[in-house]
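Got the structure open in your viewer? Let's take a walk through it, one selection at a time.

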Amino acid sequence: MTGRSRMLAVLAAVLGGGLAVIGSTQPWLEATLRDGAHAVLPVPGTEALPLVTPLGLAALALGLALSIVGPVLRYVFGGLGIVIGGALLVESVRIALTTPPAAVVGVVAETTGLSGVTAVEALVSTITATAWPVITAVGALLIAAGGVVTLLTARSWRSTARRYRTDAATEAARPRGSRPHDSHDAIDSWDDLSRGSDPTA
């Protein structure tokens, strides 16, 4: 059960962060200009919410680190996961529900040469949200859920570092001439001969 909890926490953070990073490159909003052609300008996630990429990358790094950190850092990273997921969730939902003109200023300015929220409101007739803010919000929920699972179960996770230390200690305690036959190399055989033992026996 403890291994499953760790796996769920890691997968939730990695999948959620991956969705956020992928979503940052997709159109979150579509701004329709008031000109005669009624041109529609797609607004990517990086423009609508500049923090989406760094938050997604932070979640990815956090998820990968959860698989190797010790007990204290598990709680720290679990808390960070909740903060990252919560912030990303709130902002993604805000963009999806309010479609703020400020979120499309950069794209409209690049296309028309005019900048500022007031100018954008005069140039743009409608701003509609695509599915990507909602998809990113789902990713944010996964990140936060991974943080919650981490905080609730971190105490029972087996330490990876402890396992490696145990394996190293077992290997160090093994007598020098008692390595398995299949791991013998030329130097091991020479050492055995110098001690008077037959490595082929």
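Start by selecting strand β2, residues 40-44, and show its side chains. They alternate along the strand: Leu-41 and Val-43 point to one face, and both are buried. Val-40, Pro-42 and Pro-44 point to the other face and are not buried. Keep in mind that what you're looking at is a predicted model.

Now add strand β1, residues 27-33, to your selection. How do β1 and β2 run relative to each other, parallel or antiparallel? They run antiparallel, and five bridges join them. Two facing pairs are good to click on. Go to Leu-29 and look across: Val-43 in β2 stands opposite, and that's one of the buried residues you just met. Then pick Pro-27, which has Pro-44 in β2 standing opposite; Pro-44 is on the face of β2 that isn't buried.

Next, bring in strand β3, residues 124-129. With β3 you have an open sheet of three strands, in the order β2-β1-β3, with antiparallel pairing. Why do β2 and β3 each have a side without a neighbour in the sheet? They stand at the edges and have a single partner strand each, so one side of each is left free of a neighbour there. Rotate the view a bit: neighbouring strands of this sheet are turned by 25° against each other on average, direction ignored.

Time to zoom out to the whole chain. There are nine helices to go with the three strands. Trace the chain along its sequence and you'll pass through α-β-β-α-α-α-α-α-β-α-α-α. Of the 201 residues, 34% are buried. Switch on a surface, and you're looking at about 11,200 Å² of exposed area, with carbon and sulfur atoms supplying 67% of it. For contacts between residues at least 6 apart in sequence, 70% join residues at least 24 apart.

Last stop: colour the chain by pLDDT. The average is 82, and 76% of the residues score at least 70. Select helix α7, residues 132-153, where confidence is highest, at a mean of 95. Then jump to helix α8, residues 160-173, where confidence is lowest, at a mean of 49. Over residues 161-168 the pLDDT is below 50, and beyond near neighbours in sequence this stretch has one contact in the model. Where pLDDT is low, don't read the predicted coordinates in detail.

Definitions and conventions:
Residues are numbered from 1 along each chain as its sequence is written. This is a predicted model: local features need pLDDT of at least 70, side-chain atom pairs count only at pLDDT 80 or more; totals for chains, interfaces and linings use all residues. Side-chain values use heavy atoms; hydrogens and water are left out. pLDDT is the predictor's confidence in each residue, from 0 to 100. Helices (H or I, at least four residues) and strands (E, at least two) are DSSP runs, numbered from the N terminus. Contact means heavy atoms within 4.5 Å. Buried means under 20% relative accessible area, exposed over 50%, partly exposed in between (1.4 Å probe, protein chains only). Accessible areas come from the Shrake-Rupley method with a 1.4 Å probe; for residues, only the protein chains shown count as cover. Two strands pair if DSSP finds at least two bridges between them. Axes are lines fitted to C-alpha atoms, for helices over the stretch in contact, and angles run from 0 to 180 degrees between N-to-C directions.
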